[in-house]
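Here is a short tour of a structure, written for someone who likes to look at coordinates. Have the viewer ready, and let us start from one residue and work outwards.

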Number of protein chains: 2
Amino acid sequence: MSLIVQKFGGTSVGTVERIQAVADKVASFREQGHDVVVAVSAMSGETNRLIDLAQRITSQPSAREMDVLVSTGEQVTIALLCIALENKGVPARSYTGSQVKILTDSAHTKARIKHIDNSAIQADLAADKVVVVAGFQGVNEEGDITTLGRGGSDTTAVALAAALNAAECQIYTDVDGVYTTDPRVVEGARRLDKITFEEMLEMASLGSKVLQIRAVEFAGKYSVPLRVLSSFAEGSGTLITFDEGDKSMERPAVSGIAFTRDEAKLTILGVPDVPGVASKVLGPISEGNVEVDVIVQNVAEDGSTDITFTVHRNEAEKAEQILRKTAKEMNAREVIADAHIAKVSIIGVGMRSHAGIAAKMFQTFADNNINIQLITTSEIKISVVIEEKYIELAVRTLHSAFDLDVDDGQK
Amino acid sequence: MSLIVQKFGGTSVGTVERIQAVADKVASFREQGHDVVVAVSAMSGETNRLIDLAQRITSQPSAREMDVLVSTGEQVTIALLCIALENKGVPARSYTGSQVKILTDSAHTKARIKHIDNSAIQADLAADKVVVVAGFQGVNEEGDITTLGRGGSDTTAVALAAALNAAECQIYTDVDGVYTTDPRVVEGARRLDKITFEEMLEMASLGSKVLQIRAVEFAGKYSVPLRVLSSFAEGSGTLITFDEGDKSMERPAVSGIAFTRDEAKLTILGVPDVPGVASKVLGPISEGNVEVDVIVQNVAEDGSTDITFTVHRNEAEKAEQILRKTAKEMNAREVIADAHIAKVSIIGVGMRSHAGIAAKMFQTFADNNINIQLITTSEIKISVVIEEKYIELAVRTLHSAFDLDVDDGQK
């Protein structure tokens, strides 16, 4: 008998019938002898409905009141799930974030969890109750309702698992696990039984939308074993472990291929190559609240330098305006913007012990006549920026080159 | 400059546009130099939508979870109203019942207010903010969300007015005040500028649905001046005073005519007339949780007695079953049930100093060939039970007989 924290997202609780199905699932874990704490999101569509009500009044509603407004979404779900559980004879008790209490800072709409009081939940578990907690929300020191930002329910679940020292945190979603790459692009994409936190972090940050990156970081920090499963299908999903374990076993060099089309590339050419030039170019971008992803700097032969970086495509225009202003001030030669790019990455802790991974990746691109525009590497990841139109070709050929296809035998 | 508590019901906040109109109204009072505290209901239809979600799971959801569920309705409204106020440049701050905090007992779905902490609200008013409080809800000693039952938002408003020692509690609704009787039945029905609490209590309990009786009682207990006004029309509404005031002025004998079709009549005939018989007959009814309204007992010539009473029509069948069982045990002669009755009442504190009011009422019935089945009287009210089909005729002729018609000159 162990304690499991389960998180069900908006789609999983999108209708009364689905909430009853969740109650069945929770009840079956309880029958197996587990203690269960459940974190839930708002019913799908509800958060958007609430935001729309506010937007019809003003495009800039106060963040404090937005949190009061949207936090009602999860509150509805916790009540309905408890009603469904009790209707099946399972004693249950609901908690809002404020009731738990999940103490956060005061950054409304994007608050961070500071502490979770587990005393009430522990008492309920001791009394053999299922505890149902509203995800995504908390309360600050002043008693104001806060929310953790979109996807914050994953973070709530992981934080609860950490605070309660749970055996496992199960994230139920509409996919049945983490795949070697997007199955819509590569038919042979395989579900991974296990993935390390580091790999998952890279996958999540690169557009594998299974889990919020923040929740993964949180799980890693507190060593909470995370499992991603489907609400709608049976199966054991993908376990995300902080234990790199199997070191003696043959590990594949690459665990997965991630990619994103959400970025745009900006280049400033012919800047004088003096110390502090990167900061002069990128400082104003960051001050404009634009997040920069890949950054590459080359020194040209004439002693000037070029700096290239990528930003989210939605912010490309804003970033370009800032960059053109900087270019004028710095007397740079030219600014080039390109929204038609994509980024593809190979990820795997196995890279650490395998040589020639980068070479194989570049050879695959060369074999397929795909021109590489930018390269960045980390210890467990190599990312490459290419022309957008080549993205499917790149992902498919890499997936095959690194023996990830399902026909090549299970991991 | 004085403190006003304003309450807006579900219809008044039924759409985003109406919430903005409420914000305008609040803003205009504030511009006149008043401090304003607002209590709001859920947007019309919202509470029923939430109840329906729960009912689709089970017809008997837990009361605790129902309170968690339906209390989200007012929480949405407080956030939207604050957003609308701030959008008009009026600083505002929302509070759930739990945040205020409005401490109640633990009788979920029909909790009673025990105490209101006014410190946070006072601080906000001192900081020149409009305070918006979720009506209908509170929190018990354990931190569980409670609700006050349907119409509880009126009670919240009055309780806030009492706790804050407000100059006036304004209840905005879809009618523009309290009328001498239902304008849909009597064309000449007049809006009253003033009515006493005692009169209002009788009007409310007899089916004048303008205000919850509980709110009126509460207002009387704490001497809070209550005003009923329309959200949609201009006008000063009806002031409900605890001051009988104007004693020197000519007061009409009767202030209003109330009536209800919601009752049914039950009679037990030929019960032995011994001490304790009323308790034997009515005790089981009350134990069956059926509320009894009018009770009349007559002693017949043969030493037996008849007891007649009325109950809510929805509970007539249940009451009849209980009564038949009692009749068998007591060896009574007969039980008669009649759902086709109506009750009409004349109400007025002026009755105290006017003779002949009852006689005039009965004469009016006689003139119109309306047979009186039951009569009960209190100091400021005479109620008569008649056959249902005569109800409109009775109300119209009484309204005219007691000089309440609008053409007879303003009060």
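## Starting from one leucine

Let us begin with Leu81(B) in this predicted model. Setting aside its neighbours within four places in sequence, Leu81(B) is in contact with Val13(B), Ile19(B), Val22(B), Ala23(B), Val38(B), Val40(B) and Val132(B).

## The core around it

Where does this leucine sit in the wider picture? Leu81(B) and Leu81(A) are the residues with the most contacts inside the largest nonpolar core, which has 237 residues. Helix α3 of chain B, residues 63–87, supplies the largest share of this core, with 13 residues. On the chain A side, at least three residues of the core come from domain 1 (3–241), and at least three from domain 2 (247–404).

## How the two chains are related

Which rotation superposes chain A on chain B? A turn of 180° does it, with 0.1 Å of shift along the axis and an RMSD of 0.1 Å. That is how a two-fold axis relates its copies. If you want to find the axis in your viewer, look for Thr72(A): its C-alpha, at 2.7 Å, comes closest to the axis among the residues of chain A.

The interface tells a matching story. Of the interface residues of chain A, 100% are also interface residues in chain B, so the copies meet through the same surface.

## How confident the predictor is

The average pLDDT of chain A is 90, and 95% of the residues score at least 70. For the complex, the predictor gives an ipTM of 0.79 and a pTM of 0.80. A friendly reminder for any closer work: predicted coordinates should not be read in detail where pLDDT is low.

Technical notes:
Residues numbered from 1 in each chain as written. Chains lettered and ligands numbered in written order. Predicted model: local features only at pLDDT ≥ 70, side-chain atom pairs only at ≥ 80, totals over all residues. Least-squares fit on C-alpha atoms with pLDDT ≥ 70 in both. Contact = placed C-beta atoms within 7 Å. Core = buried A, V, L, I, M, F, W, Y, C linked by C-beta atoms within 7 Å. Buried ≥ 20, exposed ≤ 12 C-beta atoms within 10 Å, placed from the backbone. Helix = DSSP H or I, 4+ residues; strand = E, 2+ residues; numbered from the N terminus. Domains from an automatic or database assignment. pLDDT = per-residue confidence, 0-100.
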